[in-house]
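Colleague: Could you take me through one part of this model up close? I'd like the strand pairing, and whatever packs against it, in one go.

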Amino acid sequence: MNNNHNLENELNTPFANAGLLSRMSFWWLNPFMKKAKRKMQLEDDDIPMLRKDERAETCYLLFMENFKKQKQTKPSILRALALCYWEEILISGFFALLKVLTLSTTPLFVGALIKVTEGKGSFKHEGLVLVIALFLMKFLESLSMRQWYFQSGLMAVRLKSLLSAAIYRKQLRISNAAKTTHSAGEIINYITVDAYRLGASSYLLHQTWTTVLQTCLGLLILVHAVGIATLAALVILILTVLCNGPLAKSQLRFQTKLAVAQDRRLKAMSEALLNMKVLKLYAWETHFKTVIIRLRRVEYKWLSALQLRKAYNGFFFWSALVLVSSATFVACYFLKVPLSATNVFTFIATLRIIQSSMRPIPQVIGAVIHAKVALQRIAKFLAEPELLGRDIRHARKEKPQNNHAIHVKLATFSWEKNPLKPTLTSINLEVKPGEKVAICGEVGAGKSTLLAAILGEVPVVEGSIQVQGKLTYVSQTAWIQSGSIQKNILFGRIMDKVKYQETLEKCSLVKDLEMLPYGDLTEIGERGINLSGGQKQRIQLARALYQDADIYLLDDPFSAVDALTATSLFNEYIMGALLGKTVLLVTHQVDFLPTFDSVLLMSHGKIQHAASFDVLMSSSQEFCDLAKAHKDTVNCNRLPSKVNSWQTDAPIAKETVEPVAFENQLIKQENSWMAANVQNPRISKLRLIEMSSDSSIVDLDVPFSLVFAIATTLNTYTSLGVMAVITWQVLFVTVPMVCLVIYLQRYYSASANELMRINGTTKSSVANQLGESIAGAMIIRAFNEEDRFFAENLSLIDKNASPSFHIFSTTQWLLQRLETLSATVLSCSALVMVLLPQGTFSSGFIGMALAYGLSLSSSLGSSVQNQCTLENDIISVERLNQYMNIPSEASQVIKGNRPTPHWPTAGRVDICDLKMRYRADTPLVLRGVSCTFEGGHKIGIVGRTGSGKTTLISALFRLVDPVGGQIVIDGIDISTIGLHDLRSRLGIIPQEPTLFSGTVRYNLDPLDQYTDHEIWEVVGKCQLLEAIQNKDEGLDGLVAQDGANWSMGQRQLFGLGRALLRKSQILVLDEATASIDNATDCILQKIIRTEFAKCTVITVAHRIPTVMDSTMVLAISDGKIVEYDEPMKLMKEEGSLFGQLVNEYWSHCHSV
């Protein structure tokens, strides 16, 4: 990877250019803080960049170099970090030591100053010398402490950056078997929570030994002050430490339990948010909410246990400090140790130093436990096995050296760790450069897995595989990045306008882009949310075509588009643009097969036959059955004779796919929907990322931030009050100091608040890119784009690290100035005591004022810092409160108006002047739709892409409420009843099949409403029996996240199974069989006709045969009903839209 930052930018880094004095005083921050005060609202570019030493790439490469040097079988992350930054650790350790030494000597000044005020000075002007020395010592203490914490902050930035980079790089390489144990939400959590907490705990490196050293030095001063009575204090301190052991162990145990509970809840929330539309369609949102609440209660149990242990720990240590002083004075009494103002207040001042060293111990223990758990989780993830197909991917960069672009010899592949259960067996495949190979077979035959094996995604158990030449891949489920359409198509390549325009034309995207306000620069939302399924697939095809590769692996890319677009793409793209390229196409569309050089027929993870279409038709009964199934798909849906008359006259190939007159209208409608949604990009994932971080802060940090802010502020005011009462003259300094403190805090807040805001947005960007990369890891690897995505990730990490770096830097800037002011107030108070005549103040008052004054700098700094921390933490509370106040849908249940238990009984749907838009400022998507679906009728809804078919279904389920008109089902206006009552009574098989982490049973019956017998019966009907029986656990078989261990067709069969179990009177099929082979499709259509014979079935389909047996066909164009009648009657009408669609479908079937 090349460093994208040039020398000029390097020289413009203020910290890199700062001299010694500027760095020690943080003067180099002044220009930036002035700009923040002046501008009020900072932009990302206003924040200076990091030095090269702090950039993610530098840190990552250094870490990996030292990580790989270790000869142990299990390298240690901590050891690697120590090898990387031992010099920085020593430097920060030096400042930590200096701070301890300077702090520990200050109590000696109390006794010396008391003696001077009593007239027992050793030499003239001793008081002035002590005051000057005291000021210098406090100043040096502040200087060393700020540098210690600044160096620790630098270490934190480096740790967060390198760990974030390492986690990102790992997720690009992790094996698919290992990936099943780490959900996307968990991996995001490793960066947004674990890596950040681990980095934030870097100051602990010296906190432990400095606490011990400072306590020991304090005890030595106590020995000097009260002699043998110090033993009482020592005994109490030892008992405190010993008794703390069990508490610390319980904290560690509860923290580990809490982390696991958090991961489970976030995983459930991630699935629910990303699949919310499906949950609403099935009326499962209440159930998933209950599941999440149950998981939150478990999390809360461990959270409360952990926080209570922290509270016990804090109370224990604070109480111990009171016991130390009490025990010491009692010991002095019994041991006859003489007590005077000198040794008493030296003792009190020393005790406050010991107290300041021990006060953060509970926090330190908590932070150590957090860090240990976080480190274990990250180390476990980084140790997971990686994909072993790099040799295959490496060979892709080379041009074919022999007669084979792809050569697989007697290979066996397995997704699972257990090689005894191979996914593909005895695979022999030879593909020459330029050949076009089609792959077909029933659902779950292993077609997609074969492409994955060629990509190097599936481990080779035995045999060999060689792939030569540059390769691209189009996945069955479209993966679209957030960003512009152009960015998605170029995918890291340089813009070639001629080539780019040709790509758009070949992929039928030109007219789509013309209708968008910003053309190909239009921003796409998360997962292409504002694109139709067909548009997403065409953008994927364009992305692959623009790569100009040697080998194209296409996984059923035409299932999401209508017949016209499919034929156009096949002719222009497969047969035109990819002429001379090696193509492997997975398809269920038999119509395309005759044009391929070879056809692979797969079944049960094996290639059953491999030959040309003609040879297979004459030699393979299985293939003949497949071809016959396609014909039956047409025949079983009663295609009328008029279609057959078109069969002989149908033109072929490119002549059949000329644009129709109303194509512009369909694109307008499609893109109006896009425009309606384009303002809502990446919302669900960003919400999840922010909520995971915010909830962690609210749960773990806010309570203690509040307590510490109150305690340290009271401590500060107490110290100032004591000093002001005893030496009122110091008010002349204190009042201006308080005003200056307020000014400095506001001056600091101007930059700190902006930095926190930018830090939040850049942190979300890091996590969002990680989430997208997890979802598209297979495509990123297929395109050999790992390095580019990693470079983008490093850049995003740096953009996030820069505000983080400046947050702690400006904090040290503020604290150093506050501590200097405190030292000034203390010195002025001491000067007043020295200069006023002897006897003006009693020794006791002088000792009390000095004892409180010595702790003023630390208490003032802690007070302001804790207030700022609390202010920053409250932002998380505000953000969560904003989410809680987002307007919700209508009520789930309206108690006064609930339908009868058996509603709907007839299934009659009356749609009256229905008007819909997706947002207030967008055009109508449905414009006055009126029709009636009689109960028990089979209704087919047809229309071109974007015509409003899916929108009508959304209205039926009230995913969006209409702006006019109404829908009445069996006499009930659906807008008058609760959403749960409506959606739970309707059945649907949605367009995009969705599975959830869990078991087969859970995915078919998450509400646990049906018996095993009923579920097995449905499994048999929906053609999943064999696949489920092959799983050892049966109905308890594993379903991975997003159903990754099930094929796309099998996932759609799960949708059918849910519908069969629910047995609703109204069933909606929304492009429900797009990823299913023709044979299975024909069987399922018969099952649907049988099982739902008396039900109202509403079918939205691209494949015309699936609606040919409908009672009525509704044709929609541009949000209006064009025609609604029996299919046979529509076929006979001149200019019928339905007739044109049937004609196009038949032309598509025979154009090849």
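Modeller: Here is a walk through one sheet and the helix that lies across it. Keep in mind that this is a predicted model. The sheet is an open one built from 4 strands, and going across it you meet E13, then E12, then E15, then E16, with antiparallel pairing. The edges belong to E13 (926–933) and E16 (972–973), each of which pairs on one side only.

Let's start with E12, which covers residues 909–916. Towards E13, strand E12 runs antiparallel and is joined by 6 bridges. One spot to click on there is Val909, which stands opposite Phe933 of E13. Towards E15 (residues 964–969), strand E12 pairs in the antiparallel sense again, this time over 5 bridges. Two pairs are handy for checking the register on that side: Cys912 has Gln966 in E15 as its bridge partner, while Lys915 is bridged to Gly964 in E15. If you're wondering which way the side chains go, in a regular strand they alternate between the two faces of the sheet.

Now add the helix. H35, made of residues 949–956, lies across E12, E13 and E15. Relative to E12, helix H35 runs at about 110°. So to set up a view, put E12 in the middle with E13 on one side and E15 on the other, then bring in H35 across those three strands.

Conventions:
Residues are numbered from 1 along each chain as its sequence is written. This is a predicted model: local features need pLDDT of at least 70, side-chain atom pairs count only at pLDDT 80 or more; totals for chains, interfaces and linings use all residues. Side-chain values use heavy atoms; hydrogens and water are left out. Two strands pair if DSSP finds at least two bridges between them. Contact means heavy atoms within 4.5 Å. Axes are lines fitted to C-alpha atoms, for helices over the stretch in contact, and angles run from 0 to 180 degrees between N-to-C directions.
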